[in-house]
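This briefing is meant to be read with the sequence and the three-dimensional structure side by side. Please keep both in view while going through the points below.

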Amino acid sequence: MTAHEIDYKIHGEEMQFVEIELDPQEGVVAEAGSFMMMDDGIKMETIFGDGSKKNEGFLGSILGAGKRILTGESLFMTAFYNTLSGKRNVSFASPYPGKIIPIDLTDFRGKFICQKDAFLCAAKGVSVGIEFSKKLGRGLFGGEGFIMQKLEGDGMAFVHAGGTMAKKELQAGEVLKVDTGCIIGFTQDINYDIEFIGGIKNTVFGGEGLFFAKLQGPGTVYIQSLPFSRLADRVLASAPKGGGKDKGEGSILGGLGDLLDGDNRF
C-alpha cells in the first residue's frame, strides 16, 4: 500500500466534519481552508500540488500544482503529519451544509472522478489530479462538468456533497440524466457526456439550463441535491440590490413587518 492507512470518524448531520486518526508518521492532505482542529504533536506543512509523487523534482512539482489552477483550486495544499509516538487526531469541516462521503479507492480499482470542488481531504499518497473531457460536447457545454478532478491511489479520500446525497448503481447500458452541477463523482467505467435538452419552450422558458449530463453504466454515481452554485445563486437573488430594500416576509408592512419577523437591523 503506497498511501497511508488512516482511520476516521464522521461527526454531525447537516454540517459535518471528519476526524482522522493518524498513527506515528502518518499524514493526510487537504484543500486549503478545510482545516478545523488538530491535537498537539501534528505538524502542518504547505506543499505544491498534493505531494503524492516522490522525487519528481521542482519542475514536476510546479507542473502538478499548475494543473490545479484549471480546476479553480489553490496552487497549494496542506499536509498534516503525526510527529509523536502516540495516535493524534486532525479534523476537517464541510464548507457548507451537506454530507461528507468516504471513498476507499481500493473499492474503485484505484480511481474516482469527482466534481472540481468536491474534494475535501485524503490520506497522504493519494494523487489529486485533473480529468479532462475527451468529447467536444462536454468541453463546450459542460459547465461545472468540463474539467473534473481525479483521485488516484490505494488510500482513503473524502469528498463533500451539498444537501442530501444519492448513490446510484448503474448496470451496463443503464442511463441516468442529471443536472451538471448535481454530480459529485462517479467511477472510472461510467461513460459521461453532455446532452442538449431540446425543444424551443424548454430552451427559452425552462429555467433549467440548456444541457444536462448523461451518465451511462456500468458503475457507481454520487449525486448531490444542493450544488454550491445553486445555493449561491439563490443567496445573490435574495440580496438587496443597489441599496434597496431586501425581499422578506415583512416587506408588505415595511419597517413594522421587519420588527414582527425578527429583522431588527437599522
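What follows covers a sheet, a surface patch, some backbone features and salt bridges.

The model is a predicted one, and the values below are computed from it. It contains an open sheet of six strands with antiparallel pairing, a nonpolar surface patch of about 450 Å², and six salt bridges by the rule applied here.

**The open sheet**

- The six strands of the open sheet follow the order 5-6-3-10-13-8, and their pairing is antiparallel.
- Strand 5 (42–48) and strand 8 (98–104) stand at the edges with a single partner strand each, so one side of each has no neighbour in the sheet.
- On average, neighbouring strands of this sheet are turned by 20° against each other when direction is ignored.
- Strands of a sheet pair, as a general matter, through backbone hydrogen bonds, in either a parallel or an antiparallel way.
- Within this sheet, strand 3 (residues 27–31) and strand 6 (residues 76–82) run antiparallel and are joined by five bridges; Ala 30 has Thr 78 in strand 6 as its bridge partner.

**The nonpolar surface patch**

- Phe 35, Met 36, Met 37, Met 38 and Met 44 make up a nonpolar patch of about 450 Å² on the surface.
- Strand 4 (residues 35–38) provides the largest share of the patch, namely four residues.
- Met 38, which lies in strand 4, counts as partly exposed because its relative accessibility is 33%, a value between the limits of 20% and 50% that bound this class.

**Backbone features in loops**

- Most residues other than glycine have a negative phi, and most peptide bonds are trans.
- Gln 25, although not a glycine, has a positive phi of about 75°; Gln 25 is located in the loop between strand 2 (17–22) and strand 3, and with 56% relative accessibility it counts as exposed.
- Arg 109 is likewise not a glycine and has a positive phi, of about 55°; its place is in the loop between strand 8 and strand 9 (111–114).
- The peptide bond from Gly 217 to Pro 218 is cis, with omega near 20°, and Pro 218 is placed in the loop between strand 18 (211–216) and strand 19 (219–224).

**Salt bridges across the chain**

- Glu 14 and Lys 99 meet through their side chains in a salt bridge with an N to O distance of 3.8 Å; Glu 14 is in the loop between strand 1 (7–11) and strand 2, Lys 99 is in strand 8, and the pair links distant parts of the chain, 85 residues apart.
- Glu 14 itself is partly exposed, with a relative accessible area of 46%.
- Lys 87 forms a salt bridge with Asp 23, in which the closest N and O atoms are 2.5 Å apart; because Lys 87 lies in the loop between strand 6 and strand 7 (88–93) and Asp 23 in the loop between strand 2 and strand 3, the pair ties together parts that are 64 residues apart in sequence.
- Lys 87 is partly exposed at 47% relative accessible area, and Asp 23 counts as partly exposed at 22%.
- Arg 109 and Asp 189 meet in a side-chain salt bridge at 2.9 Å, N to O; Asp 189 lies in the loop between strand 16 (183–187) and strand 17 (191–196), so this pair ties together parts 80 residues apart in sequence.
- Arg 109 counts as exposed at 59% relative accessibility, whereas Asp 189 counts as partly exposed at 40%.
- Glu 21, Asp 23 and Lys 87 are joined into one network by salt bridges that share partners.

Conventions. Residues are numbered from 1 along each chain as its sequence is written. This is a predicted model: local features need pLDDT of at least 70, side-chain atom pairs count only at pLDDT 80 or more; totals for chains, interfaces and linings use all residues. Side-chain values use heavy atoms; hydrogens and water are left out. Patches are made of residues with over 30% relative accessible area and no salt bridge: like charges are joined within 9 Å, nonpolar side chains (Val, Leu, Ile, Met, Phe, Trp, Tyr) within 5 Å. Accessible areas come from the Shrake-Rupley method with a 1.4 Å probe; for residues, only the protein chains shown count as cover. A salt bridge is a side-chain nitrogen of Lys or Arg within 4 Å of a carboxyl oxygen of Asp or Glu. Helices (H or I, at least four residues) and strands (E, at least two) are DSSP runs, numbered from the N terminus. Buried means under 20% relative accessible area, exposed over 50%, partly exposed in between (1.4 Å probe, protein chains only). Two strands pair if DSSP finds at least two bridges between them. Axes are lines fitted to C-alpha atoms, for helices over the stretch in contact, and angles run from 0 to 180 degrees between N-to-C directions.
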